[in-house]
Amino acid sequence: MQIYDSVQKKKVPFEPIIPRKASIYVCGPTVYDDAHLGHARSSLSFDLLARTLRALRYEVTMGKNFTDIDDKIIKKIQETGQSLEEITTHYIARYLEDMRALGVQDADIKPKATESLEAIESMIQRLIDQDNAYIISNGDVYFDTSKDTHYGSISHQVGDDATNQSRVEHTSEKRNPKDFALWKACQSHDEICFDTAFSRGRPGWHIECSAMIEKHFEGNDQYSIDIHGGGADLLFPHHENEAAQSRCATGHELAKYWMHNGFVNINGEKMSKSLGNSFFVKDALTIYDGEILRNYLISVHYRNDFNFNEEDLLSSKKRLDRLYRLKKRISPTGTSKPNKTFQKAILEAMSDDMNISVALALVDEMISEANDKLDANPKDKGIKKETMANIEFIHELLGLGGKEPFSYFQLGIDEATKYKIESLIAARNEAKKAKDYAKSDAIRDKITAMGISLMDTAEGTLWEKV
RNA sequence: GGCGACAUCGCCAAGCGGUAAGGCCGCAGCCUGCAAAGCUGCUAUCCCCGGUUCAAAUCCGGGUGUCGCCUCCA
C-alpha cells in the first residue's frame, strides 16, 4: 500500500508501527449543525482508506472524534435555549445517520471532548509542568510554540516575524504570535465550564485530538498512531498544533503519516457557511439515494478538489446504473469466487494511494466483459456466479452495488404507482400480442411520461425509473 | 506579505520519462415490430514559451490562469 503523506509531500509505502495493524484517527465534526457535503467527502475518503486496508488484510482501528464543546455550540445553546447535551446528542445522531446513508462504516472509537476531559487536563498539566505552556492573567492556558523546536515541521508554515501578515489576533500576553490556547478560562457564569487545577474553563480546539489519541491508542515509543487524517484546511494550524503539543507532552510524534482530503466546491468556490453555499447531506439525500451520492463523491481522487454539480452527479449515476443493470441481468443467482485478475487489479489500483479512477474504470471494464459474455451465453451459470462474486467484492471494497437490483431501479416509487405501471405494461403487452403497435407505443409514451423506461427482454418487460 | 495546489477530448477524470485509461454526451452499425438495454466501431498530443533527453502530458526554468491555507472550518 502506497499512501500520500502530506508532511513528506510524496507517496510513501505504508509501513505500520505494528505489523498488519493500522491505526487511523480522523478529525470529526463539531456537532452544532447538520453534516454538509464536505463532511461527507472527508468521511468517504477515509472510509475508502479503511476498506482498502481491510481488503489488504490489515487489522484496522478507526477513531473519529466529535467536538462537543466549542464556541459555536455555546452560541447555539444561547440561541435555542437547549442544553449542550440536547444539542450535541441530536447532531451526533444526525451525523451518524447521514454517514450511514452514504455507506460509511462506523468508526471503531468515537470519543467526545466532554468524555475526554481528564485526558485533556492531564496533558495540559504536563505541558505546564514542563514549561511548554503558560497561564495568562485571565486563566487561559497557552502553548508556547517557541519551546517546540520542530514547530512547523508538519505544515511547513514558518516565520512569525515582521513579514508575517497573518490575520491572527495578537493577544498582548501571548509570548509568540503563533502560540495557541490549550484552555480557555470562563469569563462569565453562563458559559459551559469545567474545573481543573489551572482554571475553570473549557478546552481549546486543538488539545482534544491529542488527548484522545493518547487515551485511546497505544502506539510505540516513536509514534502514537499510523495515520492521522482530516480535511486539507486542518493542516495548518490545527494539525501543526496537535503535533506540537503531543510531541512535547508525550516525547514522541503523534502520527507516522498524515493524510488530507480536498474540498468540495460549489461553482468553483470552496463550500462554506460564510459564503452561504453550503449543502447539507440531508438535503441531498431527499433528492438522491445515499449510494448515488456516495458513487458521485468518491469518483474524484480524494486529494483533488471536488466541484459539486447536479449534471456530473447525474452522469455518475448512469455509471452506477450500469453496475445494477448487470446485477439485475444475472439475478437471481448464487455466487462463487471473484475473478482473480479483476480482484488483483482493482486492489492494486486502490493500493496506489486510492486511485479510484482506475478502480472504477476496472469496474466498467468488468461490466462490459460480463455483458459481452452473457450476450454469447445468456444462461451460463458459471459466468453469472463469478459476476455476482465480482459485484460482491466491489461492494465490500468500494461500498457500491450492494442493493437488490430491482429495488435500486424503483427507488422512490410507491406501491400505487408501481401497480399502475405494471397494469399499463400488461395492457401494452396485450396490444403488442395483437400487433396493435400504435396502441402499444401510445401506452409506452404514457409510461415514459411518468419517468419510467421500459425494456423488452426474453424474461418479459422490465421497467426502470429514469 | 508568507506558504501551497492545480491547468489533459463538449463535460467528469486517469496518467508519475517511452509515444493519451474509463464514464457521460454525440455519430454509425448489430439486435428490436419500433424502442430501451446490451454489444461493436468512431471522436484529444495534453494552458503558453524555452530547456534537458534518443524519447516529455510526464523532468527543469519562465510566463499566464484558477483555487486553497495563513481566522472557525471537512
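Which side chain meets Asp-108 in a salt bridge? In this predicted model, the partner is Arg-54, with N and O 3.4 Å apart. Arg-54 sits in helix α1 and Asp-108 in the loop between α3 and α4 (117-129), so the pair ties together parts 54 residues apart in sequence. Both ends are partly exposed, Arg-54 at 29% relative accessibility and Asp-108 at 45%.

That pair is one entry in a count of 36 salt bridges. Another part of the picture centres on Asp-34, which is buried, with a relative accessible area of 8%. Asp-34 pairs with Arg-94, the closest N and O atoms being 3.1 Å apart. Here the link runs from helix α3 (residues 84-101) to the loop between β3 (21-26) and α1, a separation of 60 residues. Arg-94 is buried too. Asp-34 also meets Lys-282, at 2.9 Å from N to O. Since Lys-282 belongs to helix α7 (residues 281-287), this pair ties together parts that are 248 residues apart in sequence. Lys-282 itself is partly exposed, at 31%. Together with Glu-97 and Asp-98, these three residues are linked in a network of salt bridges.

As for the domains, chain A splits into domain 1 (16-266), domain 2 (318-409) and domain 3 (415-465). The contact between domains 1 and 2 takes eight residues from the former and eleven from the latter. About 750 Å² is buried there, 71% of it from carbon and sulfur atoms. On the domain 1 side, Leu-48, Arg-51 and Thr-52 lose the most area, together 57% of what that side buries. Between these two domains there are zero salt bridges, but two residue pairs are in polar contact. Helix α1 gives the most to the domain 1 side, with six residues.

Methods: Residues numbered from 1 in each chain as written. Chains lettered and ligands numbered in written order. Predicted model: local features only at pLDDT ≥ 70, side-chain atom pairs only at ≥ 80, totals over all residues. Heavy atoms only, no water. Domains from an automatic or database assignment. Contact = heavy atoms within 4.5 Å. Buried area = accessible area lost by both parts, 1.4 Å probe. Salt bridge = Lys/Arg side-chain N within 4 Å of Asp/Glu carboxyl O. Polar contact = N/O pair within 3.5 Å; in protein donor to acceptor, adjacent residues only side chain to side chain. Helix = DSSP H or I, 4+ residues; strand = E, 2+ residues; numbered from the N terminus. Buried < 20%, exposed > 50% of the residue type's maximum accessible area, 1.4 Å probe, protein only.
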